[in-house]
Amino acid sequence: MPRRKKKDFTRDTGVDLRFESPLIQKFINIIMERGKKSVACSIVYEAMDILVKKSGGDDKKAYELFNKAFNQIAPFVEVRPRRVGGSVYQIPMEVPQKRRGSLAMRWVIAAAQARSGKSMSQKLAAEFLDAIEGRGGAVKKKTEVQRMAEANRAFSHYAW
């Protein structure tokens, strides 16, 4: 495995058909299992329809709610292990934008899957609504990560 980082190569995922958003397209791709994209699309779009019904708006309002929930979940700091003089310290570091988005997507999906009963689209919509209000499994995970970074703030001088 090469030790040098390759140049930042990002594959264009395109935009989804309904909202014309690259963020929702990426979310659909992460939800997709075994190459069944149409199933993943239906799960995400049904969740967005539930957001439309709950908010009493249109697709634009649902997309705004999706973005708001997504921003509530995305972490700003995390701890990374660093070996210094034979011991390993957990060092708080700022999360890059790309990783922030991927962590938020993973946490939302994991929290929705952990919910009991119902279909995945209903669980996903409920997780988004909880995230907007500042509760739910994904927001809990974010606060846990930020609390850990705050607790290890004393080791931040090891970040270089």
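1. Overall arrangement. Read from the N terminus onward, the protein follows the pattern α-α-α-β-β-α-α-α, made up of 6 helices and 2 strands. The model is a predicted one. Along the principal axes, the C-alpha atoms occupy a box of roughly 55 × 35 × 25 Å.

2. Burial and contacts across the chain. The protein has 160 residues, of which 37% count as buried. Among contacts with a separation of 6 or more, 55% are between residues 24 or more positions apart.

3. The nonpolar core. The largest nonpolar core has 39 residues. Within this core, the residues with the most contacts are F27, I31, M48, I73, L124 and F128. Two or more residues are contributed to this core by each of α1, α2, α3, α4, α5 and α6. As a general matter, nonpolar side chains in soluble globular proteins tend to be buried together.

4. Helix α5. This helix covers residues 120-132, which is 13 residues. From its first C-alpha to its last it reaches 18 Å, close to the 18 Å expected at 1.5 Å a residue. Is α5 largely enclosed by the rest of the structure, or largely open? Because 11 of its 13 residues are buried, α5 is largely enclosed by the rest of the structure. The buried residues are M120, S121, K123, L124, A125, A126, E127, F128, D130, A131 and I132. They pack against α1 (22-31), α2 (37-55), α3 (59-73), α4 (97-114) and α6 (137-151). Just after the helix, G134 takes a positive phi of about 85°.

5. F128 and L129. These two residues of α5 deserve separate comment. F128 is one of the buried residues of the helix and is also listed among the core residues with the most contacts. Leaving out residues up to four places away in sequence, F128 touches F27, L51, F66, A69 and V108. L129, also found in helix α5, has a relative accessible area of 22% and is therefore partly exposed, the cut-off for burial being under 20%. Beyond its neighbours within four places in sequence, L129 is in contact with L51 and K54. Between L129 and R99, which are 30 residues apart in sequence, the C-alpha to C-alpha distance is 23 Å.

6. V95. Where does V95 lie? V95 is placed in the loop between β2 (87-94) and α4. With a relative accessibility of 2%, V95 counts as buried. Not counting residues up to four places away in sequence, V95 touches P75, F76, V77, E78, R100 and L103. For E78, the separation from V95 is 17 residues in sequence and 6.4 Å in space, C-alpha to C-alpha.

7. Positive phi outside glycine. Most residues other than glycine have a negative phi. Two residues should be checked against that background. E20, in the segment before α1, has a phi near 55°. E20 is exposed, with a relative accessible area of 61%. R34, in the loop between α1 and α2, likewise has a positive phi, near 55°. R34 is exposed, with a relative accessible area of 78%.

8. The largest pocket. How much space lies in the largest pocket? The volume is about 360 Å³. The lining consists of 13 residues, of which P22, L23, K26, K98 and M105 lie nearest the centre. The elements that give two or more residues to this lining are α1 and α4, and α4 supplies the largest share, 5 residues. By class, the lining has 5 nonpolar, 5 polar and 3 charged residues.

9. The second largest pocket. About 210 Å³ of space lies in the second largest pocket. The residues that line this pocket are K5, K6, K7, D8, F9, T10 and K98. By class, the lining divides into 1 nonpolar, 1 polar and 5 charged residues. K98 appears in the lining of the second largest pocket and is also one of the residues nearest the centre of the largest pocket.

Technical notes
Residues are numbered from 1 along each chain as its sequence is written. This is a predicted model: local features need pLDDT of at least 70, side-chain atom pairs count only at pLDDT 80 or more; totals for chains, interfaces and linings use all residues. Side-chain values use heavy atoms; hydrogens and water are left out. Helices (H or I, at least four residues) and strands (E, at least two) are DSSP runs, numbered from the N terminus. The expected span of a helix is 1.5 Å times one less than its number of residues. Buried means under 20% relative accessible area, exposed over 50%, partly exposed in between (1.4 Å probe, protein chains only). Contact means heavy atoms within 4.5 Å. On a 1 Å grid over the protein atoms alone, a cavity is a set of points where a 1.4 Å probe fits but cannot get out, and a pocket is an open set with protein on both sides within 12 Å along at least five of seven lines; lining residues have an atom within 4 Å of a point. Grid points are joined across faces, edges and corners, and a volume is the space filled by probe spheres set on the points. Ala, Val, Leu, Ile, Met, Phe, Trp, Tyr, Cys and Pro count as nonpolar, Asp, Glu, Lys and Arg as charged, and the others, Gly among them, as polar. A nonpolar core is a set of buried Ala, Val, Leu, Ile, Met, Phe, Trp, Tyr and Cys residues joined through side-chain atoms within 4.5 Å.
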